[in-house]
Amino acid sequence: MDKLIHKGNKTTISNDGATIMGLLDIVHPAAKTLVDISLSQDAEVGDGTTSVVLLGGEFLRQAKPFIEENMHPQTIIKSYRKACQLAVQKIREIQVRVSETDSVAYRQMLERVAGTALNSKLISSQKHFFSPMVVDAILSLDTDMDISMVGVKKVPGGSVTDSFLVKGVAFKKTFSYAGFEQMPKYFKNPKILLLNVELELKSEKENAEVRLDDPSQYQSIVDAEWNIIYDKLDKCVQ
C-alpha cells in the first residue's frame, strides 16, 4: 500500500521503507535508532529497509520485559549476538550456491533478486518488465565500476513500459532551433571527439577596448579570431 506524506511544501507518495523513514520527524531515541538502521540497510544493500525496522521493533518489544525485570542490558545484547551467530550458521547450512559459470541459472537468480527488490516500489506490477532491464544494466558494468555509474533519465509523458536501457551515454537534446528539420537525427558508428576546449568565439570583456586607425584593420581582427578556431579544428581532424 502506497503512503502519502506531506512535509512542508513537498508531497511524497511512496511504498519504500527508507523513503518513508527518512521523511518522518522522529523524536524518540529508540525510534531514531530504527531510522538509522533503515538508512544503513538502504545504503549497504538497497533493499529490506522495512524488514529491518520490523525486526528491530520486535527485538525491542521482546527485550522490554527483561529490562523491566532489571536484567542487565549487556546480558540481553550478548544473547542477541549469540542468536545472530546461530541464525547466520543456519542460513549457511541451507544456502544454495549458483555458479557464475552457469550463465542461465545465474541470470535467473539475479532477475528474481531484482524482482524481489521491486516488490516495494511503485512499479512492482511491472517487475517482470524491469527486472531483466536492471540485470542487463548491472551486468554491463565492468568489475571495477561502481553501481552509481548506472543512471536513470526521467522523461515526462508516456507509459512506464516505454522505458528502455541504453548501453552507453544518453542525454536529452531538444531540437527547437531554426532548420532542425534538416539536421540528421541518427548516426551509425559515429566518431565521437571529447574536447576540453571551446570551439566558439569568446565575447570580449566589458572593459576591453580596441582602437584602430584604419577601419580596414577591423577585418583582420575578426579573421584572427576565426583562425584560432580553424587551427583547433585542423588539430581535431589530424
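**View 1. Aromatic pairs, and the ring pair between helices H3 and H4.** The count comes to 3 aromatic pairs, under the rule that rings of Phe, Tyr and Trp (its six-membered ring) pair if their centres lie within 6.5 Å, with planes under 30 degrees apart counting as stacked, over 60 as edge-to-face and the rest as tilted. The rings of phenylalanine 59 and tyrosine 80 have centres 5.2 Å apart and planes at 45°, so this pair is tilted. The pair links distant parts of the chain, since phenylalanine 59 sits in helix H3 and tyrosine 80 in helix H4, 21 residues apart; helices (H or I, at least four residues) and strands (E, at least two) are DSSP runs, numbered from the N terminus. Phenylalanine 59 counts as partly exposed at 42% relative accessibility, and tyrosine 80 is also partly exposed, with a relative accessible area of 31%, where buried means under 20% relative accessible area, exposed over 50% and partly exposed in between (1.4 Å probe, protein chains only). The model shown is predicted: local features need pLDDT of at least 70 and side-chain atom pairs count only at pLDDT 80 or more, whereas totals for chains, interfaces and linings use all residues. Residues are numbered from 1 along each chain as its sequence is written, and side-chain values use heavy atoms, with hydrogens and water left out.

**View 2. The ring pair of phenylalanine 129 and phenylalanine 130.** The ring centres of phenylalanine 129 and phenylalanine 130 lie 5.0 Å apart and the planes stand at 90°, so the pair is edge-to-face. Phenylalanine 129 counts as partly exposed at 32% relative accessibility, whereas phenylalanine 130 is buried, with a relative accessible area of 10%.

**View 3. Packing of helix H3 (residues 49-68) against helix H4 (residues 73-94).** The two helices pack at an angle of about 140°, with their axes 10 Å apart; axes are lines fitted to C-alpha atoms, for helices over the stretch in contact, and angles run from 0 to 180 degrees between N-to-C directions. H3 and H4 are therefore oblique to each other, given that angles under 35 degrees count as roughly parallel, over 145 as roughly antiparallel, 65 to 115 as roughly perpendicular and the rest as oblique. The contact (heavy atoms within 4.5 Å) is made by Phe59, Gln62, Ala63, Phe66 and Ile67 of H3 together with Pro73, Ile76 and Tyr80 of H4.

**View 4. Packing of helix H5 (residues 103-118) against helix H6 (residues 127-139).** H5 and H6 pack at an angle of about 120°, with their axes 8 Å apart, and are therefore oblique to each other. Residues of H5 including Arg107, Leu110 and Glu111 meet residues of H6 among which are Lys127, Phe130 and Asp136.

**View 5. Loop residues asparagine 70, asparagine 189 and proline 190.** Most residues other than glycine have a negative phi. Asparagine 70, in the loop between H3 and H4, has a positive phi of about 65° although it is not a glycine, and it is exposed, with a relative accessible area of 71%. Asparagine 189, in the loop between H6 and H7, likewise has a positive phi, of about 50°, and counts as exposed at 69% relative accessibility. Proline 190 lies in the loop between H6 and helix H7 (217-237) and counts as partly exposed at 48% relative accessibility.
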